[in-house]
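Here are some short exercises to work through with the model on your screen. Try each task yourself before reading its solution.

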Amino acid sequence: MMAGSNPKGVRKVLDFSFIGISTFALQILFTVIMTEVIHIEYHISYALSLSACGVLNFFLNRKITFASLGKM
């Protein structure tokens with residue numbers, strides 16, 4: 001381990017990265033489903049999936065990654 005790094009900080013970075021990558025993948029999946037399966041126009045399906053996954057990302061990071069900072 002690097003000098004000066006703490007395990008909690010590393011854990012927060014890993015949690016933050018995992019949530020970001022997961023919600024990005026979910027956004028792509030939602031966009032494809034809405035565009036190809038439901039036949040919603042691409043720009044609308046992208047905007048909807050971006051909004052939904054952005055909100056999900058915010059709340060997951062708030063609950064999981066930054067939970068140790070106290071109540072927000």
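**Exercise 1. How many residues does H1 have, and how far does H1 reach from its first C-alpha to its last?**

Before you start, note that this is a predicted model: local features need pLDDT of at least 70, side-chain atom pairs count only at pLDDT 80 or more, and totals for chains, interfaces and linings use all residues. Residues are numbered from 1 along each chain as its sequence is written, and side-chain values use heavy atoms, with hydrogens and water left out.

Step 1. Find the elements: the chain has 2 helices and 0 strands. Helices (H or I, at least four residues) and strands (E, at least two) are DSSP runs, numbered from the N terminus.

Step 2. Count and span: H1 has 31 residues and reaches 44 Å. That is close to the 45 Å expected at 1.5 Å a residue, where the expected span is 1.5 Å times one less than the number of residues.

**Exercise 2. Find which residues of H1 are buried, and say what they pack against.**

Step 1. Apply the cut-offs: buried means under 20% relative accessible area, exposed over 50%, and partly exposed in between (1.4 Å probe, protein chains only).

Step 2. List the buried residues of H1: Asp 15, Ile 19, Thr 23, Gln 27, Thr 31, Met 34 and Thr 35. They pack against H2.

Step 3. Look across from H2, where Ser 45 is placed. Ser 45 is buried, with a relative accessible area of 0%. Leaving aside neighbours within four places in sequence, Ser 45 is in contact (heavy atoms within 4.5 Å) with Thr 31, Met 34, Thr 35 and Ile 40.

Step 4. Set this against the whole chain: buried residues make up 17% of its 72 residues.

**Exercise 3. Locate the salt bridge, and decide whether Arg 11 is buried or exposed.**

Step 1. Recall the rule: a side-chain nitrogen of Lys or Arg lies within 4 Å of a carboxyl oxygen of Asp or Glu. A search of the whole structure finds 1 salt bridge.

Step 2. Identify the partners: the side chains of Asp 15 and Arg 11 meet at 3.2 Å, N to O. Both lie in helix H1, 4 residues apart, about one turn of the helix.

Step 3. Check accessibility: Asp 15 counts as buried at 17%, whereas Arg 11 is exposed at 54%.

**Exercise 4. What is the phi of His 39, and where is His 39 found?**

Step 1. Place the residue: His 39 is in the loop between H1 and helix H2 (42-65).

Step 2. Read the angle: phi is near 65°, a positive value in a residue other than glycine. Most residues other than glycine have a negative phi.

Step 3. Add the exposure: His 39 counts as exposed, at 64% relative accessibility.

**Exercise 5. How many aromatic pairs are there, and how are the rings of Tyr 42 and Tyr 46 arranged?**

Step 1. Use the rule: rings of Phe, Tyr and Trp (its six-membered ring) pair if their centres lie within 6.5 Å; planes under 30 degrees apart count as stacked, over 60 as edge-to-face and the rest as tilted. The count comes to 3 aromatic pairs.

Step 2. Take one of them: Tyr 42 and Tyr 46 are stacked, 6.0 Å centre to centre with 25° between the planes. Both lie in helix H2, 4 residues apart.

Step 3. Try another: Phe 58 and Phe 59 are edge-to-face, at 5.2 Å and 80°.
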